[in-house]
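Subject: A structure for you to look through

Dear colleague,

I am handing over the structure we spoke about, and I would be glad if you kept it open while you read. After it I have set out what was found, one topic at a time.

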Amino acid sequence: MKKIIFTIAACFVAILASAQPMGGRPMGGRPMGGARMPMGAMEKPFYELESDSIANAKIQDVAGRLDLTEKQFDKMIKLYSQEFEEICRNLQMAVREFQMMQNGGFRGRGNNMMGVQQTPTNVQFDTAAAKKTYDQIIAKFDKRYKKALQASQYEVWKTLTATTLDNKFSSILQHVQQNTQSMF
């Protein structure tokens, strides 16, 4: 009887051991071993990691010329950071969509069910659509800057081309493309 119980226990342990993933990242996305990460502590996108430092540097650079109050200074950093993040998030979605289309799109239900390799035909990044979304975000945040600043400060802000993101579309797009890893 002891042999049977021991054999069953050994089989049970062997089944449990074989059900565990072997190295790498398990299904939850966490590395094996180590402590659990709290919800929300997952790896942030590159633009969320950079946005605060970029905004702080840009606003710090022009704060003296704009004669900002402490409240305005904090508000401008927050706005600039949000603008940068929203632009990058939207450009990253466009880049990922392009990458997906380059690789033949989704290969799920109704698309490529027979296993036939479909090659994408003349897929190009839609720069015009990305620029249109970019311009809409710039216009939205321009209104917010106008509300956060006094009229004279806003006029100075508009002349400081180093602070505005609207003339930097191609460099931001290139930055997003370089920092967006293909998921396909």
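Does Lys-140 count as buried, partly exposed or exposed, and what is its relative accessibility? Before the reply, please keep in mind that this is a predicted model. Lys-140 has a relative accessibility of 31%, and therefore counts as partly exposed. Its partner in a salt bridge is Glu-86, with 2.7 Å from N to O between the two side chains. This pair links distant parts of the chain, since Glu-86 belongs to helix H3 and Lys-140 to helix H4, and the two are 54 residues apart. Glu-86, for its part, has a relative accessibility of 17% and so counts as buried, because buried means under 20% relative accessible area.

The overall picture

The protein chain has six helices and zero strands, and its elements, read from the N terminus on, run α-α-α-α-α-α. Of its 184 residues, 28% count as buried. If one takes the contacts between residues at least 6 apart in sequence, 74% of them join residues that are at least 24 apart.

The nonpolar core

The largest nonpolar core has 34 residues, and those with the most contacts inside it are Ile-59, Leu-68, Met-76, Leu-91, Tyr-145 and Trp-157. At least two residues of this core come from each of helix H2 (46–66), H3, helix H4 (127–148), helix H5 (151–159) and helix H6 (169–179), and H3 gives the most, with 10 residues. For one of the residues named above, Leu-91, the contacts can be followed by eye: leaving aside residues up to four places away in sequence, Leu-91 touches Ala-130, Phe-169, Ile-172, Leu-173 and Val-176.

The aromatic residues

The count of aromatic pairs comes to three. In one of them, the rings of Tyr-80 and Trp-157 have their centres 6.4 Å apart and their planes at 90 degrees, and the pair is therefore edge-to-face. Because Tyr-80 lies in helix H3 and Trp-157 in helix H5, this pair ties together parts that are 77 residues apart in sequence. Another pair is formed by Tyr-145 and Trp-157, which is tilted, with 4.9 Å from centre to centre and 50 degrees between the planes. Here Tyr-145 lies in helix H4 and Trp-157 in helix H5, so the parts that are tied together are 12 residues apart in sequence. Tyr-80 and Trp-157 are both buried, Tyr-145 is buried as well, and Tyr-80, Tyr-145 and Trp-157 form one aromatic cluster. A further ring to look at is that of Phe-141, where Arg-144 lies over the face at 4.8 Å from the ring centre.

The other salt bridges

Side chains of opposite charge can pair when their charged atoms come close. The structure holds four salt bridges, among them the pair of Glu-86 and Lys-140 with which I began. Lys-131 forms a salt bridge with Asp-135, and the closest N and O atoms of these two are 2.7 Å apart. Because Lys-131 and Asp-135 are four residues apart in helix H4, about one helical turn separates them. Lys-131 is partly exposed, with a relative accessible area of 27%, and Asp-135 is partly exposed too, with 35%. Lys-158 forms a salt bridge with Asp-142, where the closest N and O atoms are 3.2 Å apart. Lys-158 lies in helix H5 and Asp-142 in helix H4, so this pair ties together parts that are 16 residues apart in sequence. Lys-158 counts as partly exposed at 35% relative accessibility, and Asp-142 counts as partly exposed at 22%.

A buried glutamine

The last residue to find is Gln-72, which belongs to helix H3 (residues 70–102). Its relative accessibility is 11%, so Gln-72 counts as buried. A polar atom of the Gln-72 side chain lies 3.0 Å from the backbone nitrogen of Thr-69. Not counting residues up to four places away in sequence, Gln-72 touches Asp-67, Ala-148, Leu-149, Gln-150 and Gln-153.

With best wishes

Technical notes. Residues are numbered from 1 along each chain as its sequence is written. This is a predicted model: local features need pLDDT of at least 70, side-chain atom pairs count only at pLDDT 80 or more; totals for chains, interfaces and linings use all residues. Side-chain values use heavy atoms; hydrogens and water are left out. Buried means under 20% relative accessible area, exposed over 50%, partly exposed in between (1.4 Å probe, protein chains only). A polar contact is a pair of N or O atoms within 3.5 Å; within protein, one must be able to donate a hydrogen and the other to accept it, and residues adjacent in sequence count only if both atoms are side-chain atoms. Contact means heavy atoms within 4.5 Å. A nonpolar core is a set of buried Ala, Val, Leu, Ile, Met, Phe, Trp, Tyr and Cys residues joined through side-chain atoms within 4.5 Å. Rings of Phe, Tyr and Trp (its six-membered ring) pair if their centres lie within 6.5 Å; planes under 30 degrees apart count as stacked, over 60 as edge-to-face and the rest as tilted. A charge sits over a ring if NZ of Lys or CZ of Arg is within 6 Å of the ring centre and within 35 degrees of the ring normal.
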